[in-house]
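Biologist: Hi! Could you walk me through this structure in simple words? I'm new to this.
Modeller: Happy to, let's look together.
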Amino acid sequence: MSEHQGWHGTTILSVRKANRVVIAGDGQVSLGQTIVKGNARKVRPLGSGGQVIAGFAGATADAMTLFERLESKLEQYPAQLTRACVDMAKDWRTDRYLRRLEAMMIVADRGVTLMLTGTGDVLEPERGVCAIGSGGNFALAAARALIETELDAEAIARRAMAIAAEICVYTNSSLTVEVLDAQDR
C-alpha cells in the first residue's frame, strides 16, 4: 500500500515539561500539492471537562471517527486514559471498518502522553516529547533540542512548530495550541 495522501498535510507536536503538557498542531490541509485550507483545527480537548487533549494527523473524517471512539472509551473508563487508549487501539486494529482509517493521534492528560496508531501501537514518548505528521520529525528534533532550555512547554512547542513550518511544505504557522496543567514526572 502506498503512503496515504492525507498523512502529508499536518504536524502535531506534544511537549510535557514541568507542570504542563501542550499539544500543538498546524492548520494546513493539503490535497496533493494544493493547499485546500490554512486554518483547520486538528487539536482539541476531549472528554468531560476537557481533561484530555488530542491532536490528529491523517484524513479528517477518519480522525473525527477516532475522536468520537476515544471519547466513548473515556466515558467507559473515566480518568484512565491509558486503559481507554489501549482498548481503542485493540478495536482500531481488529475492527474491519476501523482498520481502514488513515490517521494517527497524540493524546494527553495530566499524567501521561500517548501516541496511537492504526497498527495497535499505544506509545508513551521518551523525554516528554512526541510528534506525528509530515513535519513531525522536524518539530520533534527542534523540541528535543529546546527541552533542556529555560523555555516552558508552550514556548518550546510554538518554537518547534515554527521551525517545522519553515522546513516542511505541508506544514504552516497557523497553530492551534491546547495546554493542560500536568503532574510532575
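Modeller: One term to begin with: two strands pair if DSSP finds at least two bridges between them. Strands (E, at least two residues) are DSSP runs, numbered from the N terminus. This is a predicted model, in which local features need pLDDT of at least 70, side-chain atom pairs count only at pLDDT 80 or more, and totals for chains, interfaces and linings use all residues. Residues are numbered from 1 along each chain as its sequence is written, and side-chain values use heavy atoms, with hydrogens and water left out.

Biologist: Cool. How many bridges join β1 to β10?
Modeller: Five, and the two strands run antiparallel. In that pairing, S14 of β1 stands opposite C130 in β10.

Biologist: And how many join β1 to β2?
Modeller: Six, again in an antiparallel arrangement. One of the partners is easy to find: R16 is bridged to V21 in β2. The two strands form a hairpin with two residues between them, and A18 in the turn has a positive phi of about 55°.

Biologist: Which residues of β1 are buried on each side?
Modeller: Buried means under 20% relative accessible area, with exposed over 50% and partly exposed in between (1.4 Å probe, protein chains only). T11, L13, V15 and K17 are buried on one side, and I12, S14 and R16 on the other. That makes seven of seven residues in β1.

Biologist: Why do they split up like that, every other residue?
Modeller: Because in a regular strand the side chains alternate between the two faces of the sheet.

Biologist: Changing topic: where is D26 found?
Modeller: D26 is in strand β2, residues 20-26. D26 counts as buried because its relative accessibility is 0%.

Biologist: What does the D26 side chain reach?
Modeller: The backbone nitrogen of Q28, at 3.2 Å. The D26 side chain also makes a polar contact of 3.4 Å with the side chain of K42. A polar contact is a pair of N or O atoms within 3.5 Å; within protein, one must be able to donate a hydrogen and the other to accept it, and residues adjacent in sequence count only if both atoms are side-chain atoms.

Biologist: Last one: how many disulfides are there?
Modeller: Zero, taking a disulfide as a pair of cysteine sulfur atoms within 2.5 Å. For C130, the nearest cysteine sulfur, that of C85, is 11 Å away.

Biologist: Why is C168 without a bond to C130?
Modeller: Because the C168 sulfur is 17 Å from the closest cysteine sulfur, in C130, which is too far.

How values were computed: Helix = DSSP H or I, 4+ residues; strand = E, 2+ residues; numbered from the N terminus.
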